[in-house]
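Dear colleague,

I am passing on the structure below for you to look through. My notes on what was found in it follow underneath.

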Amino acid sequence: MFQDEARFGCINDVRRCWAPKPVRPLCQAMLTHEYTYAYAAVEVKSGELDSLILPYVNTACMQLFLDEVGARHPSDKIVMVLDGTGWHASRLLKLPQSMKLLPLPPYAPELNPVEHVWDELREKHFHNRVFDSLDALWRINSKWPCYLREQCANGQVHCGLGMDY
C-alpha cells in the first residue's frame, strides 16, 4: 500500500474555468488558516483505498491511521510505502503486527500514486470554491472517500492499477 496525507482548508484554489463569451466568471477567494487533514492509503493492484480525516498531521494521528488500516486488513501482510516526513519515522509509532513501513527516496513525490488521488480530489471538488467554515469543509470531506474508492476501483484515478509490484 502507498500512503500519504493532504491538507484541506477554507482557502480555495482559484483556477481557470470555461465560460461562454462575453461572460467573465467571478470566483471568490478566501484566506484563512483553518485546516483539516486527509490520510489515505491505496493498494495499487486492486485500487482499494483506506482513508481517514483527522485534525492534525503528527505522530498521534499517524498512529490512529495505521491502527485503522491494520484493523481493516487483519489477515493481510502490509508493506506501507510512504514519504520521509518526520512523523512517519517516529520511534513512538507502534506498528500493527502485520505491517512494515518502507520509505520512499527523498524528493520523489511522483513515485507515490496517492498524489494522483489528491490531484483528482482538488481538481474535481475543491477548486474555485469558498468554504465558510471547517464544518462546511467537513461536510464535503465526508463524501469524498466513497467517490475516490469508486474512482480508484474503476481505474479512473491512476492509482497504479494493473501494475505489478
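From the N terminus on, the elements of the protein chain follow the order β-β-β-α-β-β-α-α-α, which comes to four helices and five strands. Please bear in mind throughout that this is a predicted model. The protein chain has 165 residues, of which 40% count as buried, and it exposes about 10000 Å², with carbon and sulfur atoms supplying 56% of that area. Among contacts in the chain with a separation of 6 or more, 64% are between residues 24 or more positions apart.

The interior is where I spent most of my time. The largest nonpolar core has 16 residues, and the members that touch the most others are Tyr 39, Val 69 and Met 80. Strand S2 (35-43), helix H1 (59-72) and strand S4 (78-82) are the elements that give two or more residues to this core, and H1 gives the most, with five residues. Apart from this core lies another, of 14 residues, which includes Phe 2, Ala 38, Ala 40 and Trp 118.

Met 80 deserves a closer look: leaving aside its neighbours within four places in sequence, it is in contact with Met 1, Phe 2 and Gln 3, with Ala 41, with Leu 66 and Val 69, and with the run Met 99, Lys 100, Leu 101 and Leu 102.

As for helix H1 itself, its 14 residues reach 20 Å from the first C-alpha to the last, close to the 20 Å expected at 1.5 Å a residue. Its N-terminal end is capped by Asn 58, a side-chain oxygen of which lies 3.2 Å from the backbone nitrogen of Ala 60. The buried residues of H1 are Cys 61, Met 62, Gln 63, Phe 65, Leu 66, Val 69 and Gly 70.

One of these, Phe 65, brings me to the last point, since the structure holds one aromatic pair. The rings of Tyr 39 and Phe 65 have their centres 5.7 Å apart and their planes at 35°, and the pair is therefore tilted, given that planes under 30 degrees apart would count as stacked and those over 60 as edge-to-face. The pair links distant parts of the chain, with Tyr 39 in strand S2 and Phe 65 in helix H1, 26 residues apart. Both partners lie in the interior by the usual criterion, which is under 20% relative accessible area: Tyr 39 counts as buried at 0% relative accessibility, and Phe 65 is buried with a relative accessible area of 1%.

With best regards

Definitions and conventions
Residues are numbered from 1 along each chain as its sequence is written. This is a predicted model: local features need pLDDT of at least 70, side-chain atom pairs count only at pLDDT 80 or more; totals for chains, interfaces and linings use all residues. Side-chain values use heavy atoms; hydrogens and water are left out. A nonpolar core is a set of buried Ala, Val, Leu, Ile, Met, Phe, Trp, Tyr and Cys residues joined through side-chain atoms within 4.5 Å. Buried means under 20% relative accessible area, exposed over 50%, partly exposed in between (1.4 Å probe, protein chains only). Contact means heavy atoms within 4.5 Å. Rings of Phe, Tyr and Trp (its six-membered ring) pair if their centres lie within 6.5 Å; planes under 30 degrees apart count as stacked, over 60 as edge-to-face and the rest as tilted. Accessible areas come from the Shrake-Rupley method with a 1.4 Å probe; for residues, only the protein chains shown count as cover. The expected span of a helix is 1.5 Å times one less than its number of residues. A polar contact is a pair of N or O atoms within 3.5 Å; within protein, one must be able to donate a hydrogen and the other to accept it, and residues adjacent in sequence count only if both atoms are side-chain atoms.
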